Amino acid sequence: MPIGETTALAVFWSAATIALYMGARALHRLHPRWWLSPLMIAPTALLVLALTLHTGYREYISGTHWLVALLGPVTVAFALPIYEQRGLIRRQWPVLLIGVLVGSSIAMATAWTLASMLGLSETLRLSLLPRSVTTPFAMAISNDIGGIPDLTALFVVLTGLCGAAMGDALLKWLPLRSSVARGALFGMGAHGAGVAKAHQIGGEEGSIAGLVMVLAGLLNVLAAPLLSYCLR
């Protein structure tokens, strides 16, 4: 493909991705429903556009890879909520550590077990394993253990959407009166989408959810080499 045409496609798909995401955000502000989340609307619209224009994944990602590269700086920015909540970490670190360890273990065990029961290939199972970790961390873990990072990102989005949608129902059934418990529920179970939902409930819940999400990501990244060794 000529360089000029390649550049034009890169500009088109980058602009389309940003425009559709911004449009989805505006729609979600007007109608804050979980099924109108930008994480659902934007990818769906992009998929329809790609199918209409007969564009393959390789062509799309070749023009938007710079957006994926921005996940690196985003990962570094996750240090901010940890610093802001350092007092809470000092007071509640045993509870937070146990919760993150148990939550991460259950998430990985259920993902691996269900994938195995369904007869999925090893590559798919490894891609599904870090589904309960926010996207930048999950993609790094997937790459380290032999999964497909791009496929893992899709699993992360689906997990976040389902977790955020189920969070309200769980809060009605579970006797969680503490803002720490409510925030941790969303941060561990639905990562980025859960953090956004927790902020709608309360500022402290949102901060706790963000903190738990970051701690879970850091813990899983550090454990990825050991996990990779055990799985192989």
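Is Tyr60 buried or exposed? Select this residue first: at 19% relative accessibility, Tyr60 counts as buried, because the cut-off for buried is under 20% relative accessible area. The model on display is a predicted one.

**The aromatic cluster**

Keep Tyr60 selected and add Trp13. The planes of these two rings stand at 80° and their centres are 5.5 Å apart, so the pair is edge-to-face. Zoom out until both helices are in view: Trp13 belongs to helix α1 (residues 3–30) and Tyr60 to helix α3 (residues 57–69), and the pair links parts of the chain that are 47 residues apart. Trp13 is buried, with a relative accessible area of 1%.

Next, add Phe12. A search of the whole structure finds two aromatic pairs, and one of them joins Phe12 to Trp13. This pair is edge-to-face, with 5.1 Å from centre to centre and 75° between the planes. Phe12 has 37% relative accessibility and counts as partly exposed. With Phe12, Trp13 and Tyr60 displayed together, the viewer shows a cluster linked by ring pairs.

**A charge over a ring**

Move now to Trp112 and show Arg125 with it. Arg125 lies over the face of the Trp112 ring, at 4.9 Å from the ring centre.

**A buried serine**

Select Ser127, which is found in helix α7 (residues 122–128). Its relative accessible area is 0%, so Ser127 is buried. Which backbone atom does the side chain of Ser127 reach? Display Ile148 to see the partner: the side chain of Ser127 comes to 2.8 Å from the backbone nitrogen of Ile148.

**The cavity**

The last stop is an empty space rather than a residue. Rolling a probe the size of a water molecule over the atoms shows where such space is left. Searching the whole structure in this way finds one cavity of 30 Å³ or more, and the largest cavity has a volume of about 30 Å³.

To locate the largest cavity, select its lining: Ser104, Ala107, Met108, Leu129, Pro130, Ser132, Val133 and Asn220. Then colour helix α6 (residues 86–117), which gives the most to this lining, with three residues. What classes of residue make up the lining of the largest cavity? Colouring by class shows five nonpolar and three polar residues, with no charged residues.

Key:
Residues numbered from 1 in each chain as written. Predicted model: local features only at pLDDT ≥ 70, side-chain atom pairs only at ≥ 80, totals over all residues. Heavy atoms only, no water. Phe/Tyr/Trp six-rings, centres within 6.5 Å; stacked < 30°, edge-to-face > 60°. Buried < 20%, exposed > 50% of the residue type's maximum accessible area, 1.4 Å probe, protein only. Helix = DSSP H or I, 4+ residues; strand = E, 2+ residues; numbered from the N terminus. Lys NZ or Arg CZ within 6 Å of the ring centre and 35° of its normal. 1 Å grid on protein atoms, 1.4 Å probe; cavity = no way out; pocket = protein on both sides within 12 Å on 5 of 7 lines; lining within 4 Å. Points joined across faces, edges and corners; volume = space filled by probe spheres on them. Nonpolar A, V, L, I, M, F, W, Y, C, P; charged D, E, K, R; others polar. Polar contact = N/O pair within 3.5 Å; in protein donor to acceptor, adjacent residues only side chain to side chain.
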